Amino acid sequence: MNDALAHRGPDASGIWTDPQAGIALGHRRLAILDLSPNGQQPMVAASGRYVTVFNGEIYNFADLRRQLTDQNAAPAWRGHSDTEVMLAALDHWGVEGALPHLHGMFALAIWDRQNHLLHLVRDRIGKKPLYYGWFGGIFGFASELTALRAHPAWNGKIDRQALTTYLRHGYVPDPFSIFLGIAKLTPGSILTLPTDSIAQGELPQPQSYWSLATWTAADPPVAESVDETTALQELDRLLHQAVSERMVADVPLGAFLSGGMDSSLITAYMQAHAEQPVRTFTIGFHEAGFDEAVYARAVAAHLGTRHTELYLTAADALAVIPRLATLSDEPFADASLLPMFLVSRLAREEVTVALSGDGGDEFFCGYGRYRQALAAWQRMATLSPLLRHLAGGILGHIPEQVWQIANHVTPRLNPRRGTIWSNLLRHGSPDLLYQYLVSCHLDPARLVVNGTEPATRFLNPEQWGGSPDFCTRMMFLDAHTYLPGSVLVKVDRATMAVGLEARAPLLDTRIIEWAWRLPRHLKLRPQGGKWLLRRLLRNHLPAHLIERPKQGFGVPVGSWLRGPLRPWGEALLAPERLHREGWLNPQAVGEVWAAHQAGRRQEGELLWAILMFQAWLATIESS
């Protein structure tokens, strides 16, 4: 099991066992702090009570070390790793008491030798993965399913409900995994397993130690009249703190630079703290509309970084695609995993740690769909219920052939959009509009043999945090679904596949808590989202490098699937193959494939999700 995670920790391997207690802990080390044996895991606390293995970093460990020393609660320090400081915090405050003090990204396993308790803990936002569950008569946990599958007792079976929700989202949302009986620990929660008293197969419910909903309810938003200058000064202070903490390492570090606002801002702050040019890395595409490398190059030149770029072709994609299903660990449909993996591999040639700009969209209102949804709903709300119902009925009865003709005029007019607007006008609500905007498919159960959708947070308004307005609800849901389920999975799997650590200053808990309390006018303006980040970036870059349309880390899979990737797709979606495997509906999948190939609909996103499941399934069946 430990060897299966060698890519996550190529520098060392450690195992600690207590046969009498029936406990075994394994760890693969990516050495970042204290490269000596004093930083190796599994690590035992100075008291001997706690033993831990953990993936990630405690960024405020230096402050905690000083605090413990000042309170005469520090042990005789053996080294200078964050692991040792974290264990000292456990000795001093206990597990539940220590968690509020830990700022960082982490998946923790803590064995309490005194009380025979196993604690599993995941960081507040879900930057690091943690799977767990019963199989073959044992309880297992790991950073990846790959490690669980390596156990000889593994008997995992694919969960049809998880597969169905995967085809809606493009990822499997927590707490589900693609396998029955195996769960993902929800971000900001702790699972405590009393090994002496729990029956085989039983699991206690994870308990939340931090949640955005609970925190915001206890600390309401600041006044709408908050001064913009004061807000900029505070954001500047918080960013300096977050970036400087994430630049602490005993190994070389750099930054991912896409040329977008968030990565440019993080790079600028890194450069301000660095004694020499920061190493930056980016990926480019030859296809028009997908290449941001030219902007990254300009930003790097202005900031004075040491810049490296790599252009990606369809041939490069073909060479890497066989690896995607393996490194993603479970079905995963964000095609930008491909360039993320390649830029991580590029960066790993020079550095061991890379800072990224993740988090700006979810907490500073950056996604274009926020403005689109707000504007669309405002227009719909001006119509009377009768007019909306009539208009929806008319749209719903337009023949597909008419939509196909319209689609040749503009890709924005297609049957899928017609169905969306027809349903919205007749039965609509702003939250239904958001669901449509972020769904790969509106009826994923149709694609899965005997498929049904589970009750996810995404479909349950009771789990939307009581957000007072539509825009806040969209950000809240993205922070709890899309961010941990897709964005952070992509970054974790791509970087860890090559033994690279990614750090995201904008996801610092202190920045998240502060940003969430800001009034909307400091985030979203008619000119676009991320208003405060945009204003702050003006201190570092000229306007022409900032004020441009948001592009994202996109991949031209639609055109590739009609071109060089078409034979690969046809082989995976052959009707006889789908029928033999028994997971996907051959007719429904065939209709989607045919419509895309004929140009009747742009179905690249959905087809990529289907193909990634098929490619992942092939790796499972061959292992």
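Contact here means heavy atoms within 4.5 Å of each other. The model is predicted. In it, Phe 363 belongs to the five residues that touch the most other members of the largest nonpolar core, a set of 98 residues. This briefing covers the cores, an open parallel sheet, helix α2 and some backbone exceptions.

**Nonpolar cores**

- In soluble globular proteins, nonpolar side chains tend to be buried together.
- Besides Phe 363, the residues touching the most other members of the 98-residue core are Leu 239, Met 270, Phe 364 and Trp 514.
- With neighbours within four places in sequence left aside, Phe 363 is in contact with Ile 125, Leu 212, Met 475, Ala 479, Leu 483, Leu 507, Ile 512, Ala 515, Trp 516 and Lys 523.
- A second core, separate from this one, has 77 residues, including Phe 281, Leu 312, Val 557 and Leu 611.

**The open sheet**

- Strands of a sheet pair through backbone hydrogen bonds, either parallel or antiparallel.
- Here five strands pair in parallel, in the order β14-β13-β12-β15-β16, to form an open sheet.
- At the edges lie β14 (306-312) and β16 (501-503), each of which pairs on one side only.
- Direction ignored, neighbouring strands of the sheet are turned against each other by 30° on average.
- Strand β15 (residues 353-355) runs parallel to β16 and is joined to it by three bridges; Leu 355 stands opposite Arg 503 in β16.
- Helix α9 (residues 293-303) packs on the sheet, where it touches β13 (279-285) and β14. The direction of α9 makes about 175° with that of β14.

**Helix α2**

- Helix α2 (residues 82-93) has 12 residues, which at 1.5 Å a residue should span 16 Å; the end C-alpha atoms are 16 Å apart, in agreement with that expectation.
- Because nine of its 12 residues are buried, α2 is largely enclosed by the rest of the structure.
- The buried residues of α2 are Asp 82, Thr 83, Glu 84, Val 85, Met 86, Leu 87, Ala 88, Ala 89 and Leu 90.
- These buried residues pack against the strands β3 (43-44), β4 (50-58) and β5 (104-112), and against the helices α1 (61-70) and α3 (95-98).
- Gly 94, just after α2, takes a positive phi of about 80°.

**Backbone exceptions**

- Most residues other than glycine have a negative phi, and most peptide bonds are trans.
- Gln 41 and Pro 42 are joined by a cis peptide bond with omega of about 0°; Pro 42 lies in the loop between β2 (23-29) and β3.
- Another cis peptide bond joins Asp 174 and Pro 175, with omega of about 10°. Pro 175 is in the loop between α5 (160-169) and β9 (182-184).
- Asn 72, which is not a glycine, has a positive phi of about 55°. Asn 72 is placed in the loop between α1 and α2, and its relative accessibility is 73%, so Asn 72 counts as exposed, the cut-off being over 50%.
- Cys 365, also not a glycine, has a positive phi of about 60°. The loop between α12 (360-364) and α13 (368-381) holds Cys 365, which counts as buried because its relative accessibility is 0%, where buried means under 20%.

Conventions. Residues are numbered from 1 along each chain as its sequence is written. This is a predicted model: local features need pLDDT of at least 70, side-chain atom pairs count only at pLDDT 80 or more; totals for chains, interfaces and linings use all residues. Side-chain values use heavy atoms; hydrogens and water are left out. Helices (H or I, at least four residues) and strands (E, at least two) are DSSP runs, numbered from the N terminus. The expected span of a helix is 1.5 Å times one less than its number of residues. Buried means under 20% relative accessible area, exposed over 50%, partly exposed in between (1.4 Å probe, protein chains only). Two strands pair if DSSP finds at least two bridges between them. Axes are lines fitted to C-alpha atoms, for helices over the stretch in contact, and angles run from 0 to 180 degrees between N-to-C directions. A nonpolar core is a set of buried Ala, Val, Leu, Ile, Met, Phe, Trp, Tyr and Cys residues joined through side-chain atoms within 4.5 Å.
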